[in-house]
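Good morning, and thank you for coming. I should like to take you through one protein chain, beginning with a single pair of residues and working outwards to its sheets and helices.

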Amino acid sequence: MPELRQSMATKEWVILAVERSERPEELAQPDRPLTEDRPEWEATCPFCPGNEERDLEILRRPAAGPWRARVVRNKYPALQEPGDRLLTFDGVHRQISGVGHHEVVIQSPQHNTCVALDSRTQVTLVLETFKMRCRELAQDPQVEQIICFENHGQRAGTSLVHPHAQIIALPIVPFKIRSRAEEARRYFDDTARCVFCHMVSDELKVGTRIIAESEHFVAFILYAAFSPFHTWIVPRRHEPSFLRATAHEMADLGDLLHRVLRKLYVGLRDPDYNYAIRSAPLRDPGYDYLHWYITLVPRVTRTAGFELGSGMFINSALPEDSAAFLRSVSAE
Ligand SMILES: [Zn+2]
Ligand SMILES: [Zn+2]
């Protein structure tokens, strides 16, 4: 019998229709080319060493010698600096000029790698680079929200295969982030607890949806996962902002993110995925009730009209089965 589950954090519902599901490993795409099978260097790739567009460069690490990661301005930005944030209200239409920042983080000089294949120190370097840029962008008074994310693979919306992530700094707080923050505040008002801290302690107690743990983070499949393997990686320490993660936490997260993505790479044959860092709005720190985390969605199924019509998802994989499967996959 299918079952409906509700997320404690967002109040959103999902239909778990597991009768029509395959075994977890059947979600792998058997004939797709793997990241590691690409050439190490590609003459036409703008992100490969030797093809750098220096005028777009914001940061390289390390500053001298061969680089391990670079940050560049997006050549085709969704938002553009500089300029003033101009608000226009005209009847039912409202508009804000598209000021902000859109940057690309080139995660490695190597063309045929990804988080799952990189070393743990390389993953940590990239996470630290996100934080450095976020702290810098937060100084811009027009920025309200910063999103760091990675699109891996075609189904996840990437056009360039060289491993890269993006940072978008917005002049507004998106509706979904605002409504989730309000939900978390309501939960805090009702229970005097941070809903995310509560979820982590509950997941650890039950254990069936845990994928992996580290000293500072817990990775688990959501009880009300929207799609197969929909995962959160949540810091154990209550902290609303990614910008305040400690160096120790970043090193630990680099290790855990690598492990989780490695399990997906091995278990599902390099699936396409998106991950994003969810952090509190810059000007509304929500100290008691917001909690930063990483959300990770492998793109192993497609959404359709029902999702468009209802705003809710049908998931054909039981979260407990997906988690048990990933726990059994070696990340070595
Ligand atoms: Zn490349
Ligand atoms: Zn918390």
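Let us begin with Val14, whose bridge partner in strand β15 is Phe313. Please bear in mind throughout that this is a predicted model. Val14 lies in strand β2, residues 13-16, which pairs with β15 in the parallel sense over three bridges.

These strands belong to an open sheet of three, in the order β1-β2-β15, with mixed pairing. Which strands stand at the edges of this sheet? They are β1, residues 3-6, and β15, residues 313-315; each has a single partner strand, so one side of each is left without a neighbour in the sheet. On average, neighbouring strands here are turned by 30° against each other, direction ignored.

I turn now to the other open sheet that I wish to show. It has ten strands, ordered β3-β4-β7-β9-β8-β13-β14-β12-β11-β10, and the pairing is antiparallel. The edges are held by β3, residues 57-61, and β10; each of them has a single partner strand, so one side of each lacks a neighbour in the sheet. Neighbouring strands of this sheet are turned by 15° against each other on average, again ignoring direction.

Within this sheet, please look at β9, residues 164-170. Why may we call β9 largely enclosed by the rest of the structure? Five of its seven residues are buried, and therefore the description applies. On one hand, six bridges join β9 to β7, residues 101-106, and the two run antiparallel. In that pairing, Val105 stands opposite Ala165. On the other hand, five bridges join β9 to β8, residues 145-152, also running antiparallel. Here Cys148 has Ile167 of β9 as its bridge partner, while Phe149 stands opposite Gln166.

Next, the helices. Helix α4 has 22 residues and reaches 31 Å from its first C-alpha to its last, close to the 32 Å expected at 1.5 Å a residue. Is α4 mostly covered or mostly uncovered? It is mostly covered, with 17 of its 22 residues buried. Just after α4 comes Arg269, which takes a positive phi of about 60°.

Helix α6, residues 319-328, also has buried residues: Pro319, Ser322, Ala323, Phe325 and Leu326. Seen down the axis of α6, these fall within an arc of 160°, so they line one face of the helix. A general rule helps here: an α-helix has 3.6 residues a turn, so residues three or four places apart point the same way. The buried residues of α6 pack against β10 (210-213), β11 (217-221) and α4 (247-268).

Finally, the interior. In soluble globular proteins, nonpolar side chains tend to be buried together. The largest nonpolar core in this model contains 76 residues, of which Val105, Ala219, Ile233, Leu257 and Val260 touch the most other members. Helix α4 gives the most to this core, with nine residues. What does Val260 contact, once its neighbours within four places in sequence are left aside? The contacts of Val260 are Ile211, Ala212, Ala219, Thr231 and Ile233.

To close, I would ask you to return to Val105: this residue, met opposite Ala165 of β9, is also among those that touch the most other members of the core. Thank you for your attention.

Terms used
Residues numbered from 1 in each chain as written. Chains lettered and ligands numbered in written order. Predicted model: local features only at pLDDT ≥ 70, side-chain atom pairs only at ≥ 80, totals over all residues. Pairing = 2+ DSSP bridges. Helix = DSSP H or I, 4+ residues; strand = E, 2+ residues; numbered from the N terminus. Axes fitted to C-alpha atoms, helices over the stretch in contact; angles between N-to-C directions. Buried ≥ 20, exposed ≤ 12 C-beta atoms within 10 Å, placed from the backbone. Arc of directions from axis to C-beta. Contact = placed C-beta atoms within 7 Å. Expected span 1.5 Å × (residues − 1). Core = buried A, V, L, I, M, F, W, Y, C linked by C-beta atoms within 7 Å.
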